[in-house]
Amino acid sequence: MSGYSLDQRLSLKRNVLGLRVQQQSIIVESSFMETSDRCNTNMRYSHHSPINDENSLIEMQNQSFESLRRQDPTLFYKTPGTVKFVRRRTSFDSDEDYFAKYRVPDHVLLLIFSHLNKKDLVSVVRTCKRFLNIAYNNKSFWSFLNLENKHISEHSLHSLLDRKIEILRLTGATLQSSDSIPPFIGNFIRPSSLTHLDLSHAKFDNLDALVYFLGRCSSLECLSLEACYVNDSACIEIAKNSKLQCLNMIMASGWETRGLIAIMNQCKQLAELNLGWANLTPEMIRNFVRTAPITLQRLNLSGTRTNADMNDESVRLLCQRCPNLMELDLSDNNLITSKSIPYFRAMPCLRKLDLARCYGIEPRDYLTLNTSRLEELNIHNCTSDEGVEFLREFLHPTLINESIFSIVARPTVGEAATSIWGMRTRDIY
Amino acid sequence: MATESANGVSSPELNERDVVITTNDNRNFTVKIGVARVSKTINNMIQDLGESLDLSSGIPLPNVDGPIFEKVLEWCEEHKNAPEIKVEQDPHTRERKWFTMTEWEEEYFRKFLSHLWDLAMAANYLEIPSLYYYTCQKLAERIKGRTPEQIREMFGIEDDLTEEEKAEIRRTNVWCTY
């Protein structure tokens, strides 16, 4: 800066500010007093400055004293942030006030906002009432959101439901219940538009908040409560989603028979269900195999281990009740024995069967599966490597031990990073 | 390139003929029909007039002023033979896909950065999809990454939100600030 003359400096500032300053006069704006003072100091020591010439200084003073006064402070306000000094109600580039000059129609604003991601939309919402109404009331702007591992308050969550969010990823999120729910939220009974909800590994500091939240959901198609602590009240709210097709309860805990039965009885369209390691009691299993929806195509019922009721009789009932099963995972159930093999064989649609670590089954009896139409059989740890090789040959073309993990009903699998059940939750831009 | 039209007034020769267009500040622009009809509004007027079209008397544009129409014409000249733009959305999320602009278009918007709203409004009225969509994308680009204060300042918007409303918005959108 010190290399510039005062004139240059002023003109630079003029350019930066876009202010029209008369050529002959020096206007010192209050906001720039500090800089101007520095200019004046420099001026005293500068031998090249024209103002150093006494005559011209006097001449200039005569001309400029009138204009050398503080700028009206109401024309300026200070905003913390990148743009430090901004003029109120005018634009930097032109002196036109666009919104006063035109009545910008809503559809133009909608088109502009449709380019924005969630973060920018929130900035837009905070701009003015009109933008708020337009941005909040257009559900396509808020149709999906990824809040993985974030802390989110009950307020925020319900506000998102009010914005008609459809696909919400809350994997690993922490939900904080709000002490006081403001009246305009407190009165809601409006159902949400959520269709895909991933609460895998989410934490709630208060189960009532979860029940309240699920209570607003009635059009869910896919839901994951992987590793969540739930209770029967929550399950009864889940059961109200009669369109539910995909439910992932792997490693869930806290629920009991009443909740499970409610879901089985009311979700008549369930096609995928994951109950692996879901802390099922013998009573729950007894009830499940008698109430499982006939529509089930993929089921994971692994990890009941030595649960007394996960036995051959249960397998028989299950296979009878769900003839449409294409994929069945019964890994880690120690009480299933060779007696169940004929039930599997009789399943008309079964293509994938997982029996890893089912030590109750005699490996030789897998040979009887040669008449089935199985495409894949996973029996990890059930027989020796040689045994696996032999089965591969004998049961060809059925694949043996191809996959380790079951992906039944799980939201984010394979190469997906933030998609849930194939739906993207991340903004492109 | 001939543009087919319903009543057959369109032909390569017609596109080469001049038409006078009068803006709301009574400025007359003599424009080739082929350029003018990039605007669907003007094209419709020309078609409606059909055989009775008197090219010298002029087409009035009550909603556009001269300086802006001049800028719009620059766009029309460049895009007279351009195909219709395709507005694409992500099949899953219905998110709008951004257009890729040519060097010329980028330069055009750089030049008229301070008139984006005028251009958007004129393009909206004149029904020039390419200019309308591209200008709106440019405006979105300007909003991106800016704070509410900056947006207000940039577009000359009055801050009419109460402190309570602001606090509520902040509280319900904490998730986007970190």
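**Figure 1. Chain B of the predicted model, seen on its own.** The accessible surface of chain B amounts to about 8,800 Å², and carbon and sulfur atoms hold 49% of it. Of its 178 residues, 52% count as buried. Chain B is built from nine helices and three strands. If you would like to trace them from the N terminus, the order is α-β-β-α-α-β-α-α-α-α-α-α. Among the contacts of chain B that link residues at least 6 apart in sequence, 58% are between residues at least 24 apart.

**Figure 2. A salt bridge within helix α7 of chain B.** Here the side chains of K138(B) and E141(B) come together in a salt bridge, with 3.0 Å from N to O. Why are K138(B) and E141(B) separated by about one helical turn? They sit three residues apart in helix α7, which covers residues 129-143 of chain B, and so about one helical turn lies between them. An α-helix has 3.6 residues a turn, so residues three or four places apart point the same way. The two partners differ in burial class: K138(B) is buried, at a relative accessible area of 7%, while E141(B) counts as partly exposed at 36%.

**Figure 3. Chain A as a whole.** Chain A contains 16 helices and 16 strands. Buried residues account for 51% of its 429 residues. Its exposed area is about 20,900 Å², with 51% supplied by carbon and sulfur atoms. For contacts in chain A with a separation of 6 or more, residues 24 or more positions apart make up 67%.

**Figure 4. The contact of chain A with chain B.** How many residues does each chain bring to the contact? Chain A gives 67 residues and chain B gives 51 residues. Together the two chains bury about 5,500 Å², 60% of it on carbon and sulfur atoms. Residue pairs in polar contact between chain A and chain B number 13, counting pairs with both residues at pLDDT 80 or more. The elements that give two or more residues to the side of chain A touching chain B include β2 (85-87), α5 (106-113), α7 (129-136) and α8 (154-162) of chain A. Helix α6(A) supplies the largest share of that side, with seven residues. Sorted by class, the side of chain A that touches chain B has 31 nonpolar, 18 polar and 18 charged residues.

**Figure 5. A salt bridge across the interface.** The rule finds two salt bridges across the interface of chain A and chain B. One of them pairs E165(B) with K129(A), whose closest N and O atoms are 3.7 Å apart.

**Figure 6. K118(A) and its surroundings.** K118(A) lies in helix α6 of chain A. Is K118(A) buried or exposed? K118(A) is buried, because its relative accessible area of 5% falls under the 20% cut-off. Its side chain makes a polar contact of 2.9 Å with the side chain of D427(A). Setting aside residues up to four places away in sequence, K118(A) touches F141(A), W142(A), F144(A), L145(A), D427(A) and, from chain B, W175(B).

**Figure 7. Helix α14 of chain A and what packs against it.** Buried residues in helix α14 (residues 312-321) of chain A are D312(A), S314(A), V315(A), L317(A), L318(A) and C319(A). The buried residues of α14(A) pack against two helices, α13 (282-291) and α15 (341-345), and against strands β12 (298-300) and β13 (327-329), each of chain A.

**Figure 8. Salt bridges in chain A.** Over all chains, the count comes to 30 salt bridges. In one of them, R286(A) meets D309(A) with the closest N and O atoms 3.0 Å apart. This pair links distant parts of the chain, 23 residues apart: R286(A) belongs to helix α13 of chain A, and D309(A) to the loop between β12 and α14 of chain A. R286(A) is partly exposed at 35% relative accessible area, whereas D309(A) is buried at 16%. A further view shows a network of salt bridges linking E272(A), R298(A), E327(A), K352(A) and D354(A).

**Figure 9. D365(A) in its loop.** D365(A) lies in the loop between β14 (352-354) and β15 (376-378) of chain A. With 25% relative accessibility, D365(A) counts as partly exposed. Which residues is D365(A) in contact with, leaving aside neighbours within four places in sequence? They are S338(A) and I341(A). The C-alpha atoms of D365(A) and I341(A) are separated by 7.4 Å, with their positions 24 residues apart along the chain.

Technical notes
Residues are numbered from 1 along each chain as its sequence is written. Chains are lettered from A and ligands numbered from 1 in the order in which they are written. This is a predicted model: local features need pLDDT of at least 70, side-chain atom pairs count only at pLDDT 80 or more; totals for chains, interfaces and linings use all residues. Side-chain values use heavy atoms; hydrogens and water are left out. Contact means heavy atoms within 4.5 Å. Buried area is the accessible area (1.4 Å probe) that two parts lose on being put together, summed over both. A salt bridge is a side-chain nitrogen of Lys or Arg within 4 Å of a carboxyl oxygen of Asp or Glu. A polar contact is a pair of N or O atoms within 3.5 Å; within protein, one must be able to donate a hydrogen and the other to accept it, and residues adjacent in sequence count only if both atoms are side-chain atoms. Helices (H or I, at least four residues) and strands (E, at least two) are DSSP runs, numbered from the N terminus. Ala, Val, Leu, Ile, Met, Phe, Trp, Tyr, Cys and Pro count as nonpolar, Asp, Glu, Lys and Arg as charged, and the others, Gly among them, as polar. Buried means under 20% relative accessible area, exposed over 50%, partly exposed in between (1.4 Å probe, protein chains only). Accessible areas come from the Shrake-Rupley method with a 1.4 Å probe; for residues, only the protein chains shown count as cover.
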